[in-house]
Amino acid sequence: AVVSTQSTGDERAAIDAVIARNKSTLSISTVGWMVSALMVFNYTDFLNVLVYDGRVNRGLLKIGSSLVGVNLLVGVYLVVYLSYIRNKPDWTNHTHPALIPVATLCACVGLVLCTVALWPVWGFLTLPILFTLFMGLVMLATLLPV
């Protein structure tokens, strides 16, 4: 039996409809991570701990937060500036190939420094707390209409 690999227009339209339906960024896992992050943020009193708790190593926290900020700025440059302002949809072939490794290094070092800075407050729970908050922010970012 010969199997035809060509699809008709109706089949192609159905496939496109399924693909478009599956591109929705709102899912159970997205909502779950965001709700979990809100619960962790509220339960740990995260903002008050960052601002007022004397056990936090402020120097390491500032350096770590700055490195995470560099990571975010590189992401905004690559995704928003190059993709939408300069109209370069293929920003992976940009003129600054070292930006992605630099951003990755900044994010990793920043996470370690923030973890060390907050360790005296929550101990071994610092890693799950920061990971949950990070995932909640990542899931929130997927919902932004950029």
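Me: Which residues of helix 2 meet helix 6, and which residues of helix 6 do they meet?
Reply: This is a predicted model, and in it Thr-30, Trp-33, Met-34, Ser-36, Ala-37, Val-40 and Phe-41 form the helix 2 side of the contact. On the helix 6 side they meet Ile-129, Phe-131, Thr-132, Leu-133, Met-135, Gly-136, Met-139, Leu-140 and Thr-142. By class, this contact has 11 nonpolar, 5 polar and no charged residues.

Me: What makes helix 2 and helix 6 parallel, antiparallel, perpendicular or oblique to each other?
Reply: The angle decides it. Helix 2 and helix 6 pack at about 135°, with their axes 8 Å apart. An angle over 145 degrees would count as roughly antiparallel and one from 65 to 115 as roughly perpendicular. The value falls in neither range, so the two helices are oblique to each other. Their crossing is left-handed.

Me: How do you know whether Thr-132 is buried or exposed?
Reply: Thr-132, in helix 6, has a relative accessible area of 13%. Buried means under 20%, so Thr-132 is buried. Leaving out residues up to four places away in sequence, Thr-132 touches Trp-33, Ser-36, Ala-37 and Val-40.

Me: And what makes Leu-140 buried, partly exposed or exposed?
Reply: Leu-140 also has its place in helix 6, and its relative accessibility is 44%. Partly exposed lies between the 20% and 50% limits, so Leu-140 counts as partly exposed. In sequence, Leu-140 and Met-34 are 106 residues apart, yet their C-alpha atoms are separated by 6.8 Å.

Me: Helix 4 and helix 5 next: what is their orientation called, and why?
Reply: The axes of helix 4 (residues 58–85) and helix 5 (residues 99–122) come within 7 Å and cross at roughly 150°. Over 145 degrees counts as roughly antiparallel, so helix 4 is roughly antiparallel to helix 5. The contact of helix 4 with helix 5 divides into 21 nonpolar, 4 polar and no charged residues. Helix 4 passes helix 5 in a left-handed crossing.

Me: What class of exposure does Ser-65 have, and how do you know?
Reply: Ser-65, found in helix 4, has a relative accessible area of 39%. That value sits between 20% and 50%, so Ser-65 is partly exposed. Ser-65 and Leu-111 are 46 residues apart in sequence, while their C-alpha atoms are 8.1 Å apart in space.

Me: Why is the pair of helix 5 and helix 6 given the orientation it has?
Reply: Here the axes come within 9 Å and cross at roughly 125°. That angle is above the perpendicular range of 65 to 115 and not over 145, so helix 5 and helix 6 are oblique to each other. The crossing of this pair is right-handed. Leu-111, Cys-114, Thr-115, Leu-118, Trp-119 and Trp-122 in helix 5 meet Thr-126, Leu-127, Ile-129 and Leu-130 in helix 6. This contact has 8 nonpolar, 2 polar and no charged residues.

Me: What makes up the largest nonpolar core?
Reply: The largest nonpolar core has 14 residues. Those with the most contacts inside it are Phe-46, Val-56, Leu-61, Leu-118, Trp-122, Ile-129 and Leu-133. Helix 2 (28–43), helix 3 (46–52), helix 5 and helix 6 (126–142) each give two or more residues to this core, and helix 5 gives the most, with 5 residues. A second, separate core of 5 residues includes Val-74, Leu-78, Leu-82 and Ala-103.

Me: Which residues does Leu-133 contact, beyond its neighbours within four places in sequence?
Reply: Leu-133 is in contact with Ala-37, Val-40, Phe-41 and Phe-46.

Me: What is noteworthy about the phi of Asp-45?
Reply: Most residues other than glycine have a negative phi. Asp-45 is not a glycine, yet its phi is positive, about 55°. Asp-45 has its place in the loop between helix 2 and helix 3. With a relative accessible area of 39%, between the 20% and 50% limits, Asp-45 is partly exposed.

Me: Zooming out, how many helices and strands does the chain have?
Reply: The chain has 6 helices and 0 strands, and along the sequence it reads α-α-α-α-α-α. Of its 146 residues, 25% count as buried. Among contacts between residues at least 6 apart in sequence, 69% join residues at least 24 apart.

Definitions and conventions:
Residues are numbered from 1 along each chain as its sequence is written. This is a predicted model: local features need pLDDT of at least 70, side-chain atom pairs count only at pLDDT 80 or more; totals for chains, interfaces and linings use all residues. Side-chain values use heavy atoms; hydrogens and water are left out. Axes are lines fitted to C-alpha atoms, for helices over the stretch in contact, and angles run from 0 to 180 degrees between N-to-C directions. Helices (H or I, at least four residues) and strands (E, at least two) are DSSP runs, numbered from the N terminus. Angles under 35 degrees count as roughly parallel, over 145 as roughly antiparallel, 65 to 115 as roughly perpendicular and the rest as oblique. A crossing is left-handed if the near helix is turned anticlockwise from the far one by less than a right angle, and right-handed if clockwise. Ala, Val, Leu, Ile, Met, Phe, Trp, Tyr, Cys and Pro count as nonpolar, Asp, Glu, Lys and Arg as charged, and the others, Gly among them, as polar. Buried means under 20% relative accessible area, exposed over 50%, partly exposed in between (1.4 Å probe, protein chains only). A nonpolar core is a set of buried Ala, Val, Leu, Ile, Met, Phe, Trp, Tyr and Cys residues joined through side-chain atoms within 4.5 Å. Contact means heavy atoms within 4.5 Å.
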